[in-house]
Each structure stands twice: as C-alpha cells, then as structure tokens.
Amino acid sequence: MRPTFYLLPALLLAAVPASAQKLALEKTHNVSGKAKRGFLDDVQVNEAADKLDLTFVTKSTNRKVKFETYHFDTKFNFQSMEESEQPVERVKRYKGDQYDVPGVTVEPNMMGTLVLRRKQAHYTWDWFWGGYNKKIGILEKVKPRGDNGSYYQYAAHTEYDQTGNVVVITSAKDKLGKGADMLRMYKEYHVLKFNKDLDLVSDTPLRFDTPQFVVEAAKLDPRGDRDEDADDSADPEYDLGIVFAPVNVGGKKFADPKATNYTYIRVGADTKQKERVSFQSPNSVWLVNGMATFADGSVAVFGPANDKQDDYFNEAIPNQIASSSIREPLAEKFKAKNFELLKIKDGAVSFINNTPVDDFEKKLQTPPTQKRTPEYTGKRFKVTSSAVLPNGDLLIGGQSFTFQRGGALGIGKPQTVSSGGGLVGGLTGLAGKGGTSMGTTENLKDYKDVMMFHFDATGNLRAQYGVRRQENNKYSEQNPNTQKTYLSQDGRHVYWMIGEISGLREQGGMESGTLKVLYYPAVTKIDLASAKLTSFVKFGNEQFFLNNSLPELPMGNHNTIVYFGENKSGKTMWFGQMPLE
C-alpha cells in the first residue's frame, strides 16, 4: 500500500522544490442519465489485467436491482458499458432493509458524575440515495458505583463503534462521613471498560500520592505510519495514552511540591496498564492537544504550554473533565509561551523539547505566491491529525479557528452509509483516528487558516507551513479542511493535499434529499531537506469535484495518486492521475 499520512486538515523561489506537482493524466467520461440519477455502488481495480470497473445502481424494484458497469483500462480509456439485473443482496452497501446496533453513550451529569446510557441505532435502507437512514434511540441510564458504593467522577471516554464497547477514565469518590478522604477523587483514577450491555468488563485503578487532573486522553493508532487503507478489523480497539498533571485543589500542603511532575500512562483496550512514565515537564501548565504513534510503538505527545514552573494545571484549567467542549473555552485566557513535544519510547522518555511560540513565526514558510502569512499563536488551533514520516520527522496538521456565533451547517436529515457516517468526504474531521482526542461534544467553530508543523526526529522545529485557504465561504468555515500527505517515490518530498470546499449541491434522483460537498484537491510539494514548499496547484479546473464516497481510486501503488470525481451535476466522471515524483 502506498505510504499516505492523514493530517488530522514557504518561502521564496530560490529554495523551492524544482519539480512542481502536476497531473500526468486527466480524462473524463459521461455516464447515462440513469447512472447520473443513481449512485456509485462498487469499484473494482485489477492493474495486472489493465482493468478498472465502476458500477452504478440505476433502479430498484422490490427484490431486484439494476446496475450499469462502466469498463475502463487503467489509463481511463473507456472500453464498454454493461447493464445487469441482480438480487438486492448484490448491492455492496446493503445489509438488509432494517437492522439495529446496540451501544452505549457516556456523559457526565451537572455534577460531573459518570452516567451511562444504553442506546440503539436503528438503520433503515433508503433506495433514494443508496444508504441507511439512522435513528438513535436512548434507553435507560445507569450511574455505576465504586466498591464503596459511591458514584464515579467522569474525566474522559472513548467509544469503539465496531464492538459497542466503551472505555471511561473516571475517579473514585469517598462517601461523606468520618475519615472520608475528600481528595480521593483526584488521587485515585479508574479506567473502566463496559460492553454494549452495560456490563463492567474490566477496571484498572491508577493511583497517585497527590491530586491530579487528566490533561489529555487519546487513542493510539497501532498502525503508526501505515496506510489508512489497512484493514481495521484486526485491531478495532486501540490503546489509550493518558497524561496527568499535579493540581492544587486542597491547598499546597496536599499538592505535589513540583507542579512540573507530569505522568504518562498507556493502557491497552483491556484497560491493563502497559506503561507508566513520570517525567519533569519544562513548563508547569501543558495543554496537551494531540498524540501520534510511531511505527515502532513510540508515542509523541504535544501541545502548547506556559513558561513557568510553579503554576499548577488547575490554576489555568479549573475543571477535571478533559473534554474539548469544556477545556477549549477555559483555555481562552491561557497565554501559551511554548510548544512542548515529548517522545516516549520503550517505557521511558526519549526526549522532551520546548519550542518558544515566537520561533513558529521565525520559521514560518508560506507558498511563494501567497501574500498573507498565517502563523501559530499558541491558541485557537485545532489539531486535526498528525503523522510520522519514515525518517522520523513528525508532521502536525490543523487549523486556526474562532468560536462560532451561529448554528452548525445543516446537512439535511441524519443519514449514513453502512460503512460509516458523518458528512461524506472526510470533511467532518478525523475523529476516531489515531492521535485524536477523546471527548463528548464539540464547540461550534469557524475554521480559518490551515497550518502544519514540521519537527525533525529529535523534536526540533524545522518549519511551520502556513496556508491561506483558497475557498472562504460559509461551508468551508464550518468544516475543517481535509488534509492528506503522500511521500514521494524517492522519500525526499511530501505532497500535501488540502481539500478546498467551494459549496454544496442538493442531489437528485435516487440520492434526492442528500447533499454533495463540492470540494477539489489543491496540492503543494514540500522539499524535506530544505523544509520549503511550492505554490499550491488546484486540480479539476474548478469544474470537477472529488467524489464524496471515493475521492481517490485504490490504484497506483507507491507511484501515483488517482483522484476521482465528477462535475457539479454528476453527469461527467473525472480522473486525475498525479505522479509522486
């Protein structure tokens, strides 16, 4: 599989990479009116046999479905079109007219007490758009209790959709009364795992001598820098990385005397502790906002920090619940002075680096034709993902934002295909991928400039790439841009693609009532030796847009990327082959 890195969404010509990004092959082909009104159901690629087959569902009647299969060679030359009629079970997405998936939702109540709710997702097949409409039913709620009969205090959680299991990071409370330890809820944490029936499967206590807060908890994708197309079914439940910081909640006589005594803990999906590393943070308040997993299992932990050693974490973030919906508004008054990067390898600190925020401006790289110079300021920046290159360099991608005054983008009735959900095309961010934060809800944001931080293998900042979006409209503001990177064949360059959102279009025919996101690829080429980038090139001539279900065809191996899309009406298919030179 080709080395592709998600990023959860340069300078002057003298040092810009010589060869620019381009499409080596670009072709189009019209589909029939029936295929246009239907939907793409299946793609089959056989590069050895020089075959590419695209199958559309065009009509359904009772238990029969009509298909049109368009046959191309691997240079996208049209060969033939074949019509067929098959039983409904041959539709790739189809799992029956209806089915239910039980699960669990997790939330704290107003007092922060852990509350579990049984839920049931009811899926109903909809032939109008070729997918399932989803309705969530919330059933009974349960407040789990500890061994002393007290409720748990919620800190963070993650849900595993493939199994219905949830893992919750909680703390234990003491019952009120004589001899009660009122600080127990800050010193004794528990990692609890519940199955879809609300049964407690495992309980791993994490004990401390002094009060602590969970700074961040994140899924650690065990695939490291492997291709995102790798099969998830073999490892659907990831390990969790958790960072704790000492807090001053009962007076300094009870607090850790060193506010910089942080702790990193890694637990498996079974909640069993795998690593526990105590370390001295260079700064006392470190707002960790991301983690990335290396191919060898090492973990990078990063985020903005202050420049002091005696301020406790809770003096900046006075809430024990580690969710972005609560922490982001609290961080508004925090003045970041540094960006801290920690690497944990084999249960020990490999390095911990401290980069002043001012250095990001000094090392800012922008495309040569871009006049604006967006830079990282240490706040209002959402990490969308991170990636590790084969040479050990770390790329951290994200976007600046402002808090949204209005409502969220309305995208019609809740719908999802059987393979997943959300706004198609990856435009709702990368929740659930390795390195993404765990939490409950998101604050509504208006997304702005796109940025990527480039650190070397020892944690030193090489560059900050700052990009002014080419499309600035209400749709692009309300969704973070898709970001992907691809390594060149010689390993000396990285191609960085940003999905530019130009608008939405309401679908017709069998997909009536759904919305298509009109977004196209804009690509730059980064020279890893000089840490400089070319100007972005837009593909599709603003006439063709990436297919929301399949923006790239699964072909090209390590040598090319094949973008796939259609024009605004959906009548004309578009193929764009970009060599990774």
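Visitor: Between which two strands is the loop that holds D50?

Guide: This is a predicted model in which local features need pLDDT (the predictor's confidence in each residue, from 0 to 100) of at least 70, side-chain atom pairs count only at pLDDT 80 or more, and totals for chains, interfaces and linings use all residues. Residues are numbered from 1 along each chain as its sequence is written, and side-chain values use heavy atoms, with hydrogens and water left out. Strands are DSSP runs of E, at least two residues long and numbered from the N terminus, and the loop with D50 lies between β3 (39–46) and β4 (51–61).

Visitor: Is D50 buried, partly exposed or exposed?

Guide: Buried means under 20% relative accessible area, exposed means over 50%, and partly exposed is in between, as found with a 1.4 Å probe and protein chains only. The relative accessibility of D50 is 35%, so D50 counts as partly exposed.

Visitor: What is the phi of E542, which is not a glycine?

Guide: E542 lies in the loop between β33 (537–538) and β34 (544–546), and with a relative accessible area of 49% this residue is partly exposed. Although E542 is not a glycine, its phi is positive, at about 60 degrees.

Visitor: With which residue does the side chain of K22 make a polar contact?

Guide: K22 lies in the loop between β1 (4–6) and β2 (25–30), and its relative accessible area of 37% makes K22 partly exposed. Although K22 and L580 are 558 residues apart in sequence, their C-alpha atoms are 9.3 Å apart in space. A polar contact is a pair of N or O atoms within 3.5 Å, where within protein one must be able to donate a hydrogen and the other to accept it, and residues adjacent in sequence count only if both atoms are side-chain atoms. At 2.7 Å, the side chain of K22 makes such a contact with the side chain of E581.

Visitor: How far apart are the C-alpha atoms of L192 and V167?

Guide: L192 is found in strand β12 (residues 188–194), where its relative accessible area of 0% means that L192 is buried. Contact means heavy atoms within 4.5 Å, and, leaving aside neighbours within four places in sequence, L192 is in contact with residues including L114, Y152, V167 and T271. L192 and V167 are 25 residues apart along the chain, and their C-alpha atoms are separated by 5.6 Å.

Visitor: Which side chain is joined to that of H190 by a polar contact?

Guide: H190 also lies in strand β12, and because its relative accessibility is 7%, H190 counts as buried. Beyond four places in sequence, its contacts include Y152, T170 and P205. The polar contact of 2.8 Å joins the side chain of H190 to that of D203.

Visitor: Which backbone oxygen lies 3.3 Å from a polar atom of the K219 side chain?

Guide: K219 lies in strand β14 (residues 212–220) and is buried, with a relative accessible area of 11%. The side chain of K219 makes a polar contact of 3.3 Å with the side chain of T158. The backbone oxygen lying 3.3 Å from a polar atom of the K219 side chain is that of E159.

Visitor: What is the mean pLDDT of the chain?

Guide: Over residues 1–19 pLDDT stays under 50, and over residues 406–440 it also stays under 50. Where pLDDT is low, the predicted coordinates should not be read in detail. In the chain, 86% of residues reach 70 or more, and the mean pLDDT is 85.

Key:
Helices (H or I, at least four residues) and strands (E, at least two) are DSSP runs, numbered from the N terminus.
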